[in-house]
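Work through the exercises below with the sequence and the structure open beside you. Try each task yourself before you read its solution.

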Amino acid sequence: LEVIRAVEPRVADAIGAELTDQRESLKLIASENYASPATLLAMGNWFSDKYAEGTVGRRFYAGCQNVDTVEALAAEHARELFGASHAYVQPHSGIDANLVAFWAVLADRVESPALKKAQVRQVNDLTEADWFALRRELGNQRMLGMSLDAGGHLTHGFRPNISGKMFDQRSYGTDPATGLIDYDKVAEAAREFKPLILVAGYSAYPRKVNFRIMREIADSVGATFMVDMAHFAGLVAGKVFTGDFDPVPHAHIVTTTTHKSLRGPRGGMVLCGPELADQVDRGCPMVLGGPLPHVMAAKAVALAEARRPDFADYAQRIVDNAQALAEGLTRRGAKLVTGGTDNHLVLIDVSGYGLTGRQAEQALLDSGIVTNRNAVPQDPNGAWYTSGIRIGTPALTTRGLGTAQMDETAELIHTVLSQTTPGESKAKYVLDAALADKVSKQASELLTGFP
Ligand code: PLP
């Protein structure tokens, strides 16, 4: 920090303050974790200065032998860990991984003479009419994914994201009575809409998805089946999700982030079989710029960590903790979407406390509990104010907290939510400052045994 302080002290201060915040507050954001020191250090070094467009052994720049080493290692660890035949570890984020996957599928599936010419690098031979046809054909493809309010992600075809502009999109939701995916309804939607790509995966669905059934649905309409396992990759890596719930044997293509339950650096990854491997490897320069060699080095370290036996134990404890938290909340009267959890996250419907998600999120933050607001299915408050609070256990499990501490955490969350009253707008609320302060101290004390 002193080296940074000598150049821009405010950055050094912000880094120090972030460390304090992350040490002292209950970090319950479902998409966050604490990467290991080895992972962090692998990211902060001279690899950051290197350009390496291309793939291992086939670069557009000289001097990439060390980048080749770390990229090959990261891919090897990913293949071994997930049992995939091909891994592409260059995507800079989950969004990038999804874009690479979409373009790989489009390039593979869309019957377009112009596209084929572009693929075999005869780009200069394309006429204006070819380009026009290419844009029209690519712009008319269909995607079916989980709806945002049921827990899907923006990149699964929603308007604010490029995926919603690239594709003609429809969604499947969850059953209003149970909150669960209704596979018959997904099959019906697939039959009606005939998507090119069927997407499974979520950011806020607290249950397992049966990928065998989803693949059968995709096959029945000739769709490519893609799974975005960004949130639960750690549970797949740790063999908590196996059989029908492991996406890798069932999907044509799997994308993920590396920084959530997988506990690596911020980044993305694509896994696939040999049929799509060549298209996926064209991610740079099709969708991505130069890879981030320092992040690929950190991916190699984190993936090596995830291959150790203790990671399986970690993954199981993530789920045990989420279930203990769900149970503790339910016992105290909280209303949970689907009534509980099978994975790393719990979605509280805070309308049961008379609050919006925005009010609840801020009241919890004032009390040293960091969560995020999230829409619930058929949310009357929309995506900005919402009616939900999403909480996840990967980060606190990394620190070593167990089921007993989850019950105490449930008590703190319930205390704050039940003592908060709504204010005059959907963002305003009233919470006694002394109570917020007391809960903050309790949260910080809860963490002292878990440095
Ligand atoms: N896919 C899913 C399911 C996600 O939950 C997220 C992020 O929250 C992403 C993709 C995007 O990841 P990133 O923020 O790294 O682009």
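Two strands pair if DSSP finds at least two bridges between them. The model used in these exercises is a predicted one.

**Exercise 1. The three-stranded sheet**

Task: Work out how strand 11 and strand 14 are joined, and in which order the strands of their sheet lie.

Solution: Begin with the pair itself, where five bridges join strand 11 to strand 14 and the two strands run antiparallel. To place one of these bridges, take Val346, whose bridge partner in strand 14 is Ile391. Then turn to the other pairing, in which strand 13 and strand 14 (residues 388-392) are joined in the antiparallel sense over three bridges, with Arg373 standing opposite Ile389 in strand 14. Putting the pairs together gives an open sheet of three strands in the order 11-14-13, with antiparallel pairing. Strand 11 (345-349) and strand 13 (372-374) are the edges, and because each of them has a single partner strand, one side of each is left without a neighbour in the sheet. From one strand to the next, the twist averages 35°.

**Exercise 2. What covers this sheet**

Task: Find which helices pack against the strands of Exercise 1, and decide whether strand 11 is largely enclosed or left open.

Solution: Helix 15 (residues 309-331) lies across strand 11 and strand 14, and its direction runs at about 20° to strand 11. Helix 16 (residues 357-366) also packs on the sheet, where it touches strand 13 and strand 14, and its direction makes about 165° with that of strand 13. For the second part, a residue is called buried if 20 or more other C-beta atoms lie within 10 Å of its own. Four of the five residues of strand 11 are buried, so this strand is largely enclosed by the rest of the structure.

**Exercise 3. The seven-stranded sheet**

Task: Describe the order, the edges and one pairing of the sheet that has seven strands.

Solution: The strands of this open sheet follow the order 4-10-9-8-7-5-6, and their pairing is mixed. At the edges stand strand 4 (86-88) and strand 6 (168-172), each of which pairs on one side only. Neighbouring strands are turned against each other by 20° on average, if direction is ignored. As an example of a pairing, strand 9 (residues 253-257) and strand 10 (residues 268-272) run antiparallel and are joined by five bridges, and Thr257 has Gly268 as its bridge partner in strand 10. Helix 9 (residues 183-193) lies across strand 5 (142-146), strand 6 and strand 7, running at about 160° to strand 6.

**Exercise 4. A residue inside strand 7**

Task: Decide whether Ala200 is buried or exposed, and list the residues it touches.

Solution: First locate Ala200, which belongs to strand 7 (residues 197-201). Counting its surroundings gives 30 other C-beta atoms within 10 Å, and therefore Ala200 is buried. Leaving aside residues up to four places away in sequence, Ala200 touches Met146, Val209, Phe211, Met214 and Val227. Of these contacts, consider Met146, which is 54 residues from Ala200 in sequence, while the two C-alpha atoms are 6.6 Å apart in space.

**Exercise 5. Two packed helices**

Task: Describe how helix 4 and helix 14 pack, and what kinds of residues form their contact.

Solution: Two packed helices are described by the angle between their axes and the distance between the axes. For helix 4 (residues 65-82) and helix 14 (residues 293-306), the angle is about 35° and the axes are 8 Å apart. The crossing of helix 4 and helix 14 is left-handed. By class, their contact has 13 nonpolar, one polar and two charged residues. Among the residues that meet there are Val67, Leu73 and His77 in helix 4, and Met296, Lys299 and Leu303 in helix 14.

**Exercise 6. Backbone exceptions**

Task: Explain why Thr338 and Gln378 fall into separate exposure classes, and locate the cis peptide bond.

Solution: Most residues other than glycine have a negative phi, and most peptide bonds are trans. Thr338, in the loop between helix 15 and strand 11, has a positive phi near 70°. Because Thr338 has 19 C-beta neighbours inside 10 Å, it counts as partly exposed. Gln378, in the loop between strand 13 and helix 17 (382-385), has a positive phi near 55°. With 12 C-beta neighbours inside 10 Å, Gln378 counts as exposed. The cis peptide bond joins Cys284 and Pro285, with omega about 15°, and Pro285 lies in helix 13 (residues 283-286).

Methods. Residues are numbered from 1 along each chain as its sequence is written. This is a predicted model: local features need pLDDT of at least 70, side-chain atom pairs count only at pLDDT 80 or more; totals for chains, interfaces and linings use all residues. Axes are lines fitted to C-alpha atoms, for helices over the stretch in contact, and angles run from 0 to 180 degrees between N-to-C directions. A crossing is left-handed if the near helix is turned anticlockwise from the far one by less than a right angle, and right-handed if clockwise. Two residues are in contact if their C-beta atoms, placed from the backbone, lie within 7 Å. Ala, Val, Leu, Ile, Met, Phe, Trp, Tyr, Cys and Pro count as nonpolar, Asp, Glu, Lys and Arg as charged, and the others, Gly among them, as polar.
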